[in-house]
Amino acid sequence: MKGDLFSSQHMVQPAVEPGMSVENAKCIKYAVNGEMYARQGAMVAYRGSLKFERKGQGVGGMLKRAVTGEGLPLMAVRGQGEAWFAHEAQNCFIVEVEAGDQFTVNGRNVLCFDASLSYEIKTVKGSGIAGGGLFNSVFSGQGRLGLVCDGNPLVIPVSAQAPVYVDTDAVVGWTAHLETSLHRSQSIGSMLRGGSGEAVQLMLQGEGFVVVRPSEVTPQKDQH
């Protein structure tokens, strides 16, 4: 076979080490040697001796039914082989969580992660007022976390002198040690929403980074 489709641009390459890597902008490859976790339905191809187990309850108390209160089901992938993960052709990127660090992420952006990472579901401070999926997972330990995002994510530095306000539907995640609270603005609501009513932003304070998607969630895209 010949043609652009069979060029090196699209041809997958053998894994050089265990774990996850970005295959291309829309897909993450995971060379499995043991166990890893991924969102259900995200596997698009695999080769080797792998078993996929959908879980509604915990594996040793660790694998919960959902990463977030939005109800994102996970699956365990075990064995030896390679698997490719993607979700609705969204852009993929990898976060390296280091020992002693934490990364808070919205469940809708989780694609896959190392079994060496642990997480707990937390409610964003004050989010009961706004709702809108402000249940997030705090990942800790040491390992890699594969995320998806509509478009190219924006990484915005947060400093004590310059807090950052983000749309609650656009936030992907943020680094440890940032404090969160909800901020309302009638004028911004009228200006951005095209009508009356309040806009609610998530305010992040401290020292760190916040990751934002360059679009808001639409009801159609956010359904699984």
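Buried means under 20% relative accessible area. The views below are close-ups of a predicted model.

**View 1. The salt bridge between Asp150 and Arg213 joins two loops.** At 16% relative accessibility, Asp150 falls under the 20% limit and therefore counts as buried. Its partner Arg213 has 6% relative accessibility, so Arg213 is buried too. The closest N and O atoms of Asp150 and Arg213 are 2.7 Å apart. Asp150 sits in the loop between E10 and strand E11 (154-158), while Arg213 sits in the loop between strand E16 (208-212) and helix H2 (219-222). The pair ties together parts that are 63 residues apart in sequence.

**View 2. Arg78 and Glu53 form a salt bridge between two strands.** The closest N and O atoms of this pair are 2.5 Å apart. Arg78 belongs to strand E4 (residues 74-85) and Glu53 to strand E3 (residues 43-55). The two residues are 25 apart along the chain, and the pair links distant parts of it. Arg78 has 25% relative accessibility and counts as partly exposed. Glu53, at 30% relative accessibility, is partly exposed as well. Glu35 also belongs in this view: Glu35, Glu53 and Arg78 are linked in a network of salt bridges. For the model, the count comes to six salt bridges.

**View 3. A salt bridge connects Glu96 with Arg144.** The N to O distance between these side chains is 2.7 Å. Strand E5 (residues 91-97) holds Glu96, and strand E10 (residues 143-149) holds Arg144. Parts of the chain 48 residues apart in sequence are tied together by the pair. Glu96 has a relative accessible area of 48% and is partly exposed. Arg144 is partly exposed with a relative accessible area of 25%.

**View 4. The largest pocket is lined by 14 residues.** Its volume is about 230 Å³. Thr104, Lys122, Val138, Trp174 and Leu178 are the lining residues that lie nearest the centre of the pocket. Four strands give two or more residues each to the lining: E6 (102-106), E8 (117-123), E9 (135-141) and E13 (171-175). By residue class, the lining of the largest pocket is made up of five nonpolar, seven polar and two charged residues.

**View 5. A nonpolar patch on the surface is formed by Met1, Leu5, Phe6 and Met11.** Together these residues have about 510 Å² of accessible area. Phe6 is found in the segment before strand E1 (19-24). With a relative accessible area of 41%, Phe6 is partly exposed.

**View 6. Ala86 and Ala89 lie in the loop between E4 and E5.** Ala86 counts as buried at 17% relative accessibility, whereas Ala89 counts as exposed at 52%. The cut-offs explain the two labels, because buried means under 20% relative accessible area and exposed means over 50%. Ala89 has a phi near 55°, a positive value in a residue other than glycine. Ala86 is 61 residues from Leu147 in sequence, and the C-alpha atoms of Ala86 and Leu147 are 9.5 Å apart in space.

**View 7. His177 has a positive phi in a residue other than glycine.** The phi of His177 is near 75°. His177 lies in the loop between E13 and strand E14 (179-185). At 69% relative accessibility, His177 counts as exposed.

**View 8. Lys51 in strand E3 is shown with Met75.** Lys51 counts as exposed, with 67% relative accessibility. In sequence, Lys51 and Met75 are 24 residues apart. In space, the distance between Lys51 and Met75 is 10.0 Å, C-alpha to C-alpha.

How values were computed. Residues are numbered from 1 along each chain as its sequence is written. This is a predicted model: local features need pLDDT of at least 70, side-chain atom pairs count only at pLDDT 80 or more; totals for chains, interfaces and linings use all residues. Side-chain values use heavy atoms; hydrogens and water are left out. A salt bridge is a side-chain nitrogen of Lys or Arg within 4 Å of a carboxyl oxygen of Asp or Glu. Buried means under 20% relative accessible area, exposed over 50%, partly exposed in between (1.4 Å probe, protein chains only). Patches are made of residues with over 30% relative accessible area and no salt bridge: like charges are joined within 9 Å, nonpolar side chains (Val, Leu, Ile, Met, Phe, Trp, Tyr) within 5 Å. Accessible areas come from the Shrake-Rupley method with a 1.4 Å probe; for residues, only the protein chains shown count as cover. On a 1 Å grid over the protein atoms alone, a cavity is a set of points where a 1.4 Å probe fits but cannot get out, and a pocket is an open set with protein on both sides within 12 Å along at least five of seven lines; lining residues have an atom within 4 Å of a point. Grid points are joined across faces, edges and corners, and a volume is the space filled by probe spheres set on the points. Ala, Val, Leu, Ile, Met, Phe, Trp, Tyr, Cys and Pro count as nonpolar, Asp, Glu, Lys and Arg as charged, and the others, Gly among them, as polar.
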